[in-house]
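Got the viewer open? Let's walk through this one selection at a time.

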Amino acid sequence: GVGQVLDVEIVSEFPGVPRALHVVKFPVVDADGQVIGMGGIATDTTARLEAEERLRQAQKMEAIGTLA
């Protein structure tokens, strides 16, 4: 609805390269509290998500090595 904050994680294609983004959009209001626009911030989270996946894979390999 009007005046709500949107906070989402998305994957978007930039010229052939998928990028993970954390996007926050929010209403901009005037002194009377009327919505007069929208502000937004997008943060590229691709590197963090890739590092988390590498860590998960390393932990799996470590667990397999421990079981062997």
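**First stop: A63**

Select A63: with a relative accessible area of 38%, it is partly exposed, a class that runs between buried (under 20%) and exposed (over 50%), using a 1.4 Å probe and protein chains only. A63 sits in helix 1. Now add H22 to the selection and draw a distance between the two C-alpha atoms: A63 and H22 are 41 residues apart along the chain, and the gap comes to 31 Å.

Before going on, some ground rules. This is a predicted model, where local features need pLDDT of at least 70 and side-chain atom pairs count only at pLDDT 80 or more, while totals for chains, interfaces and linings use all residues. Numbering starts from 1 along each chain as its sequence is written, and side-chain values use heavy atoms, with hydrogens and water left out.

**Zoom out: the whole chain**

Switch to cartoon. You should find 1 helix and 3 strands, running β-β-β-α from the N terminus on. Helices here are DSSP runs of H or I with at least four residues, strands are E runs of at least two, and both are numbered from the N terminus.

How does the radius of gyration compare with that of a compact globule of 68 residues? The chain has 19 Å, whereas the globule would be near 11 Å; the radius is taken over C-alpha atoms, and the globule rule is 2.2 Å times the number of residues to the power 0.38. Along the principal axes, the C-alpha atoms fill a box of roughly 65 × 30 × 15 Å. Of the 68 residues, 9% count as buried.

**Next: the hairpin**

Select residues 6-14 and 17-29. These are strand 1 and strand 2, paired in the antiparallel sense over 9 bridges; pairing requires DSSP to find at least two bridges between the strands. The two strands form a hairpin with 2 residues between them, and G16 in the turn has a positive phi of about 80°. Then pick E9, whose bridge partner in strand 2 is H22, the residue you used for the distance to A63.

**Last stop: T45**

Click on T45, in the loop between strand 3 (35-44) and helix 1 (46-67). Is T45 buried or exposed? Its relative accessibility is 7%, so T45 counts as buried. What is T45 in contact with, leaving aside its neighbours within four places in sequence? Show E9, A20, L21 and H22, with contact meaning heavy atoms within 4.5 Å. So the bridge partners E9 and H22 both turn up again in the list of contacts of T45.
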